[in-house]
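Student: Could you take me through one part of this model in detail? I'd like a close look at the sheet and whatever packs around it.

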Amino acid sequence: MSILWQARFFTTVNHLRNLPDLQVPEIAFAGRSNAGKSTAINTLCNQKKLAFASKTPGRTQHINYFSIGGAHVAQHRKDPTIVEEIRALLVDLPGYGYAEVPGAAKNHWNELLGDYVKNREQLSALVLIMDARRPFTDLDKQMLEWFAPTGRPVHCILAKADKLNRNDSTNALRLTKSVLASYVDENGKPFPYTAQLFSALKRVGLEEADAKIQQLLGLDVLPQETIVAVSE
Ligand SMILES: Nc1nc2c(ncn2[C@@H]2O[C@H](COP(=O)(O)OP(=O)(O)O)[C@@H](O)[C@H]2O)c(=O)[nH]1
Ligand SMILES: [Mg+2]
């Protein structure tokens, strides 16, 4: 059982000014509409409907937040001796690149996405979900360009790997890693960018993604002072 299974809906926001002001690490899931983002989040959190998965792309146009650890706040409310705080937030960003979103709305969301990944202090890392059959569309690269100046880690999940045979999926992963390796800082040092194959359908790459996300959020170490006694 993974700590990610504790994920609970936390809040949904439409404007950057409404982002939650919790001081806990958050990890954002970005990707083109229909890349398999909602399905990946649901699979990793072992919940059918946490993130909205749809055959109609471009429908989720809000930033949705899910909390890890917070579920226990409610559960433990009846127990005055233990309060467990929220330890991390998962952020489901609106999918980009959906052709039928009208111009003005598209611009609004592109600006929102860009501003968020460039400026969000709590954002520890980005998970970039791409269809394994077509990694690094222009908009995926745009996302990386926005985020790269932060120097923070990016983990690429090549989703729907079941749609490729072994040879093609190996090639897709190799290509992805070589694109990632081409991002270097001003001293020529590579960024902390990683990639993996993933299939929600065939449950491939689940453990790898789970471990990576926990590591990026610092959830792989035991919580310190997250369990505190409160007086009655
Ligand atoms: N074959 C296959 N289809 C998938 C997989 N993950 C998602 N899909 C399908 O791809 C479509 C888009 O998935 P969704 O998670 O809604 O994409 P999102 O727009 O990026 O959130 C849906 O029809 C999913 O059933 C997968 O691992 N394998
Ligand atoms: Mg979705």
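**A close look at the sheet**

Tutor: Let's start with one pair of strands: β2 (residues 26–31) and β6 (residues 123–131) run parallel and are joined by six bridges. Within that pairing, Phe-29 sits opposite Val-127 in β6. Bear in mind that this is a predicted model.

Now zoom out to the whole sheet. Seven strands make up an open sheet, and reading across you get β1-β3-β5-β2-β6-β7-β8, with mixed pairing. The edges belong to β1 (8–13) and β8 (193–197), each of which pairs on one side only. Going from strand to neighbouring strand, the average turn is 20°, ignoring direction.

Next, the helices that lie on these strands. Helix α4 (residues 138–147) lies across β2, β6 and β7 (154–159), so to speak over our starting pair, and it runs at about 170° to β6. Helix α5 (residues 166–181) lies across β7 and the edge strand β8, running at about 170° to β8. Strand β7 thus appears under both helices, α4 and α5.

Finally, there's ligand 1. The shell around ligand 1 counts 20 residues, and those that come nearest are Gly-36, Lys-37, Ser-38, Thr-39 and Leu-201. Helix α1 (residues 37–44) supplies the largest share of that shell, with three residues. By character, the shell around ligand 1 splits into nine polar, six nonpolar and five charged residues.

How values were computed:
Residues numbered from 1 in each chain as written. Chains lettered and ligands numbered in written order. Predicted model: local features only at pLDDT ≥ 70, side-chain atom pairs only at ≥ 80, totals over all residues. Near = placed C-beta within 6 Å. Helix = DSSP H or I, 4+ residues; strand = E, 2+ residues; numbered from the N terminus. Nonpolar A, V, L, I, M, F, W, Y, C, P; charged D, E, K, R; others polar. Pairing = 2+ DSSP bridges. Axes fitted to C-alpha atoms, helices over the stretch in contact; angles between N-to-C directions. Contact = placed C-beta atoms within 7 Å.
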